[in-house]
Amino acid sequence: MEKSFTGCDGWLTGIETLDAQHVELAACISRVANACCCSENTQSGGSVSWKQNLSELVGNLYQAVKKHFEYEEAFMLEAEYPDYAAHRREHIMLLAELKLAINVERESGDIKLGSEMARGLKIWFMAHIKHSDCRFSAYISSRRMVAE
């Protein structure tokens, strides 16, 4: 996995506020991935401080994702987005998967799981933006709406 995951040029939605949030979420995912990668390269079983750092990073990521989804959902409701319910269900599933990964990570401290989790986060994040968020962006563009 590449060390940096902050550039979103290939999957910008064109909605400035959402894109700025996506860049920040990508940076959070990158921090988790880097913490996992660094630990795998330098630790055999992980140290307490590494586990605390990773726990804090994934906790921050969870809160950032949750806040972003809340913003996006409010914007969708305001825009009367016809696919709101399906998009919200996807958000609920993604948050549940992230929470499960965080809880498993905290309980096991398994470094391999951390690396797999980081890879999985990157994949769902990119897929969600490219598919679901870009459909929402197309809807907003067709209605000539602007995010506040």
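Where is E80 found? Hold on to that question for a moment, everyone, and let me set the scene. What we have here is a predicted model, so please listen to everything I say with that in mind.

Let's start with the overall layout. The chain has four helices and zero strands, and reading from the N terminus the order is simply α-α-α-α. Of the 148 residues in the chain, 42% are buried. If you take the contacts between residues at least 6 apart in sequence, 77% of them join residues at least 24 apart. As for the outside, the accessible surface of the chain is about 8100 Å², and carbon and sulfur atoms account for 53% of that.

Now back to E80. E80 is found in the loop between α2 and α3. This residue has a positive phi of about 55°, although it is not a glycine. Why mention that? Most residues other than glycine have a negative phi. E80 is also exposed, at a relative accessible area of 58%.

P82 is found in the loop between α2 and α3 as well. Is P82 buried or exposed? With a relative accessible area of 63%, which is over the 50% cut-off, P82 is exposed. Along the chain, P82 and F136 are 54 residues apart, yet their C-alpha atoms are separated by 9.3 Å.

Let's go inside. In soluble globular proteins, nonpolar side chains tend to be buried together. In our model, the largest nonpolar core has 26 residues. Those with the most contacts inside this core are V32, L61, V65, L98, L121, W124 and F125. Which helices supply it with at least two residues each? They are α1, covering 16–42, then α2 at 48–78, α3 at 84–108 and α4 at 111–143. The biggest giver is α1, with eight residues.

Let me pick out W124 from that core. Which residues does W124 touch, once we leave aside its neighbours within four places in sequence? The answer is V65, F69 and L94. Apart from the largest core there is another one, made of 10 residues, including I15, L18, Y84 and I140.

On to the aromatic rings, and please rotate the model along with me. How many aromatic pairs does the structure hold? There are five. One of them joins Y71 and F75, whose ring centres are 6.5 Å apart with the planes at 40°, so the pair is tilted. Y71 and F75 are four residues apart in helix α2, which puts about one helical turn between them. Their surroundings are worth a look too: Y71 is partly exposed at 23% relative accessibility, whereas F75 is buried at 4%.

Then we meet W124 again, this time with F125. The centres of their rings are also 6.5 Å apart, but here the planes stand at 65°, so this pair is edge-to-face. W124 and F125 are both buried. Stepping back, ring pairs link Y71, F75, Y81, F136 and Y139 into a cluster. You may remember F136 as the residue whose C-alpha atom I compared with that of P82.

Next, charges. Side chains of opposite charge can pair when their charged atoms come close. How many salt bridges are counted here? The count is two. In one, the side chains of R31 and E24 meet at 3.1 Å, N to O. Both ends are partly exposed, with R31 at 38% relative accessibility and E24 at 40%.

The other salt bridge brings together E73 and R88, at 3.3 Å, N to O. E73 lies in helix α2 and R88 in helix α3, so this pair ties together parts that are 15 residues apart in sequence. Is E73 buried or exposed? E73 is buried, with a relative accessible area of 12%, while R88 is partly exposed at 35%.

Last stop, the cysteines. How many disulfides are counted? The count is zero. If you would like to find two cysteines on your screen, C28 is buried, with a relative accessible area of 8%, and C134 is partly exposed at 26%.

So, to recap: we have a predicted model of a chain with four helices, a largest nonpolar core of 26 residues, five aromatic pairs and two salt bridges. And E80, where we began, is found in the loop between α2 and α3. Thanks for listening!

Key. Residues are numbered from 1 along each chain as its sequence is written. This is a predicted model: local features need pLDDT of at least 70, side-chain atom pairs count only at pLDDT 80 or more; totals for chains, interfaces and linings use all residues. Side-chain values use heavy atoms; hydrogens and water are left out. A nonpolar core is a set of buried Ala, Val, Leu, Ile, Met, Phe, Trp, Tyr and Cys residues joined through side-chain atoms within 4.5 Å. Buried means under 20% relative accessible area, exposed over 50%, partly exposed in between (1.4 Å probe, protein chains only). Contact means heavy atoms within 4.5 Å. A disulfide is a pair of cysteine sulfur atoms within 2.5 Å. Rings of Phe, Tyr and Trp (its six-membered ring) pair if their centres lie within 6.5 Å; planes under 30 degrees apart count as stacked, over 60 as edge-to-face and the rest as tilted. Accessible areas come from the Shrake-Rupley method with a 1.4 Å probe; for residues, only the protein chains shown count as cover. A salt bridge is a side-chain nitrogen of Lys or Arg within 4 Å of a carboxyl oxygen of Asp or Glu.
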